[in-house]
Amino acid sequence: MMSEPISERMVTVRNSQGLHMRPADLLVKAAMKFRCRIEIEKDGQIVDARSILGLLTLGAQAGTNLNLKAIGDDAQEAIVALGDLFDNAFYETDNQTEAAI
Amino acid sequence: MQEFQGFPVSPGVSIAQALLLDREGYQITRSRVSTAERSSEAERLDRAFVVASEQFAKRTEEASEKQLGDLQGIFSAQQQLLLDPRLREEMRQLILRRSFSAQLAASQVLNGYAQAFRRMGGTFLAERVGDIRDIERALLEQLGGAPTTSLANLQSPVILFSHDLTPSETANLDKKLVLGFCTEAGGPGGHTAIVARGMEIPAVVGVGSFSQQIRGGMEVILDGYRGRVILEPDAQTKENYLRRGRDRQSFAISLDALRDLPAVTQDKTHIELLANIEFPSEVATAMSRGAGGIGLYRTEFLYLGRKEDPSEEQQYEAYCEVLKAVDHGQVIIRTLDLGADKLSARQTNESEANPFLGLRSIRYCLRNPSLFRIQLRAMLRASVEGDLRIMFPMIATLNELRSARLLVRSVMDDLREEGYAVRDDVKIGMMVEVPAAVMMLDHFVREVDFISIGTNDLTQYTLAVDRGNEAVADLYQAVDPSVLRLISQSVKVADQAEIATSVCGEMSSHPAYALLLIGLGVRTLSAPPSALPQLKKAIRSVSLSQCQAIAERALRLETAHQVHTAVHDSFAALLPDMVQQI
């Protein structure tokens, strides 16, 4: 059996309030668009990118490095899309950040 | 197992589920299901998730329509939490494998996450917990949880946890279902404590913040003797408490045997035991516990927790009810002691910076003669039904006493003119609870028939410590040598003038302190009904000279702590078998 494609990359949490409710929500919604399995790892703790609770329990503050890993047909595209959210700090303005807490 | 320590303000031990009274939450009404119900209960959970997530979806949509981007983000994220398969799966497992009710499963799982978020600290702390609480509320609402704003929906016995309870909230508790309560705020001398004792509901107050640790539905032990609250006790602890409870019960039965015997010391000094009550319904209990009469009827409780002040007729009926139930003993009715922590419907003390030093008690009554007259009319009309005595609270100056007496005289004249029968010889007395009254007592005793020393307020006013404030509660010590000296001086002055003296503060309800008071010359003690049997037992076990030795030693000491230790040591030496029980 052919092994499934795997795609990986490191990302950094760039928004000032860390990976809180709203970015976690966006991340889950983005992950739902793909068929592949997507895992996010922080210091050995691995969670499912489709579980908002899992993401929140990572407690990822601003500046935290995370490893994104996707396994499946569309792994490559998934990593690009999710990585883009991290790179753009989830498109949060400071205004929204404050309001979201 | 987790423990809290607070002030033990009402004795007794209860073991029951916790009910957290938070003003906007939902309370678990059922915690377990039978094995047969497991799968239907899991389906109920699924349906609750569907409805709750629809609610959040609707909120998200509304926020979006109103272009409230930030709110939309929050609601959307909360909906995402509800959609998280992991959350629902964890709850389902608790239902399907361990017979949890859907309510308890939802609450337990969400609380687990709330605590995990709390441990992370930083910005994740408080706000995540609030989001989780919102979800818990939404689910419990769907699952038939009862809004905690109302205690009316209680179906099974609970121990109540609340930030604070007012005296009137306490008075309205259903004793059959509320087996005890615990508050974050409050101190040992507050009125909530007094009401709890009167109702014989075990209570612990002033434990500090517990909202982080306690959940509704948790099993708890509330130890009103030691001021301890134990969450989720282990089997050993629970067994110990149950055993001690059985011991206490057999001790109580042994006290019952003393019921019809007089309260005399071994050398035949007679001590009169009277009861403190808040409601007419307590008289029956008081008499069955061996009270010789009522030493303090706190009438302000007629006024608390109702929308309108009681009418003259309603008060008259209450006083008659007490007099009839007492049969032929004295009934000391204290006039309205409203103000500070006891406010009636039409009162407010918001403008007062120091309500305990403000317009309360007799001061309030003298300032509102129309209200005061109604009460005096009701009392004087009832006076023909028994040995009713009138007592004014918080008298600080002779002028206050004279004004109050004048008002009594004027009301009496009115009533006679209206054709009512009024007794001529109604005895009139005063509370001695302000140091000024002790200083001037040689003058006061010429104008009253009796005095009653109120140790609660006397302690508060002597030591300048707010008795309801937990921050200074350690200073509130009725056995402080300064307070003992004032009591001793009052008893001497009253004895010389040959007028009756009683002590009606909480101090007289503790057997060890009661012996100290007897040693100081007190011969009448008024205490909550629940305390009377053990007081009698203690009195019958000692001699007057032993009490005097306790008092002489206490008066020579320098600090409240020394007095406390000395009095308890003497008590332990005299009554070793009672120490275990109180």
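## Ser76(B) and the chain A sheet

In this predicted model, the side chains of Ser76(B) and Lys29(A) form a polar contact at 2.4 Å. A further polar contact, of 2.3 Å, links the side chain of Ser76(B) to that of Asp25(A). The two pairs are listed below.

| Side chain in chain B | Side chain in chain A | Polar contact |
|---|---|---|
| Ser76(B) | Asp25(A) | 2.3 Å |
| Ser76(B) | Lys29(A) | 2.4 Å |

Ser76(B) lies in helix H2 of chain B, which spans residues 69-83. When neighbours within four places in sequence are set aside, Ser76(B) is in contact with Asp25(A), Lys29(A) and Thr60(B). The relative accessible area of Ser76(B) is 7%, and because buried means under 20%, this residue counts as buried.

Chain A also contains an open sheet of 4 strands, ordered E1-E4-E2-E3 with antiparallel pairing. Strands E1 (6-12) and E3 (45-48) of chain A occupy the edges; each has a single partner strand, and therefore one side of each is left without a neighbour in the sheet. On average, neighbouring strands of this sheet are turned by 25 degrees against each other, direction ignored.

Within the sheet, strand E2 (residues 37-42) and strand E4 (residues 65-71) of chain A are paired in the antiparallel sense over 5 bridges. Opposite Ile38(A) stands Ala70(A) in E4(A). Helix H3 of chain A, residues 75-87, packs on the sheet and touches E1, E2 and E4 of chain A. The direction of helix H3 makes about 5 degrees with that of E1(A).

Methods
Residues are numbered from 1 along each chain as its sequence is written. Chains are lettered from A and ligands numbered from 1 in the order in which they are written. This is a predicted model: local features need pLDDT of at least 70, side-chain atom pairs count only at pLDDT 80 or more; totals for chains, interfaces and linings use all residues. Side-chain values use heavy atoms; hydrogens and water are left out. Two strands pair if DSSP finds at least two bridges between them. Helices (H or I, at least four residues) and strands (E, at least two) are DSSP runs, numbered from the N terminus. Axes are lines fitted to C-alpha atoms, for helices over the stretch in contact, and angles run from 0 to 180 degrees between N-to-C directions. Contact means heavy atoms within 4.5 Å. Buried means under 20% relative accessible area, exposed over 50%, partly exposed in between (1.4 Å probe, protein chains only). A polar contact is a pair of N or O atoms within 3.5 Å; within protein, one must be able to donate a hydrogen and the other to accept it, and residues adjacent in sequence count only if both atoms are side-chain atoms.
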